[in-house]
Amino acid sequence: MKQQLTFALLALLFSAGAGASEDFQAEKFHQTSCTGCHDSSVYTRKKRRVNSLPRLESQVRMCDANLGKKLFDDDIHSLTDYLNDNYYHFSK
Ligand code: HEC
């Protein structure tokens, strides 16, 4: 009986955890949280600073740190993919 309860609790924990990161919507997050200091034109300007996928990820991390949101790795990756798919187009 006790074992069953532990199992049920674990299952609940796992599903909640998975849900949280699947629910992360990069586009929405970007619109609401990332456009306070710059808009998306910095991603397409001629002299943009980011010139590779790893640099894009570290820039996203730096901006997230400035923002103080403390995103999970998964969310950083979704955000990086979102920016890459829509603006940077680096090959993976
Ligand atoms: C606290 C202010 C601030 C916030 C909030 C912010 N950024 Fe930035 N971001 C900057 C600054 C400053 C730069 C450098 C702009 C420059 O060089 O002119 C920058 C540059 C960037 C660049 C590089 C642009 C290039 O030149 O290629 C990316 C990508 C970026 N930010 C992503 C994000 C993302 C994603 C978020 C949301 C998590 C975000 N930023 C939120 C301040 C911010």
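Two residues are in contact when heavy atoms of each lie within 4.5 Å. With that meaning, Asn 84 touches Leu 53, Leu 56, His 89, Phe 90 and Lys 92, leaving aside residues up to four places away in sequence. The model described here is predicted. Its protein chain has five helices and zero strands, and an iron atom of the ligand has His 38 and Cys 63 as its protein donors.

**Overall architecture**

- The order of elements in the protein chain, read from the N terminus, is α-α-α-α-α.
- The protein chain has 92 residues, of which 23% count as buried.
- Among contacts in the protein chain with a separation of 6 or more, 64% are made by residues 24 or more positions apart.

**The iron site**

- The protein supplies two donor atoms to the iron atom of the ligand, NE2 of His 38 and SG of Cys 63, at 2.0 to 2.2 Å from the iron.
- These two residues link distant parts of the chain: His 38 belongs to the loop between α2 and α3, Cys 63 belongs to helix α4 (residues 53–67), and they are 25 residues apart.
- Six donor atoms surround the iron atom, and the arrangement is octahedral because the angles they subtend are 89 to 179°.
- For comparison, the ideal angles for six octahedral donors are 90 or 180 degrees.
- His 38 counts as partly exposed, because its relative accessibility is 24%.
- Cys 63 is also partly exposed, with a relative accessible area of 28%.

**Packing of α2 against α5**

- Two packed helices are described by the angle and the distance between their axes.
- Helix α2 covers residues 26–33 and helix α5 covers residues 73–88; their axes come within 9 Å and cross at roughly 85°.
- Helices α2 and α5 are therefore roughly perpendicular to each other, as angles of 65 to 115 degrees are classed in this way.
- On the α2 side, the contact involves Ala 26, Glu 27, Phe 29 and His 30, which meet Ser 78, Leu 79, Tyr 82 and Leu 83 of α5.
- By residue type, this contact of α2 with α5 comprises five nonpolar residues, two polar residues and one charged residue.

**Helix α5 and its buried residues**

- Buried residues of α5 are Asp 75, Ile 76, Leu 79, Thr 80, Tyr 82, Leu 83, Asn 84 and Tyr 88.
- Asn 84, which is found in α5, counts as buried because its relative accessible area is 2%, and buried means under 20%.
- Thr 80 lies in α5 as well and is buried, with a relative accessible area of 4%.
- The contacts of Thr 80 are Leu 53, Leu 56, Glu 57 and Val 60, again not counting residues up to four places away in sequence.
- Leu 53 and Leu 56 are touched by Asn 84 and also by Thr 80.
- After α5 comes His 89, which has a positive phi, near 55°.

**Val 42 in helix α3**

- Val 42 is found in helix α3 and counts as partly exposed, because its relative accessibility is 22%.
- Val 42 touches Arg 48 and Tyr 88, with residues up to four places away in sequence not counted; Tyr 88 is one of the buried residues of α5.
- From C-alpha to C-alpha, Val 42 and Tyr 87 are 9.8 Å apart in space, while 45 residues apart in sequence.

Conventions. Residues numbered from 1 in each chain as written. Predicted model: local features only at pLDDT ≥ 70, side-chain atom pairs only at ≥ 80, totals over all residues. Heavy atoms only, no water. Axes fitted to C-alpha atoms, helices over the stretch in contact; angles between N-to-C directions. Helix = DSSP H or I, 4+ residues; strand = E, 2+ residues; numbered from the N terminus. Parallel < 35°, antiparallel > 145°, perpendicular 65-115°, else oblique. Nonpolar A, V, L, I, M, F, W, Y, C, P; charged D, E, K, R; others polar. Donors = N, O, S within 2.8 Å, 3.2 Å for Na, K, Ca; no water. Tetrahedral: all angles 85-135°; square planar, octahedral: opposite > 155°, others 65-115°. Buried < 20%, exposed > 50% of the residue type's maximum accessible area, 1.4 Å probe, protein only.
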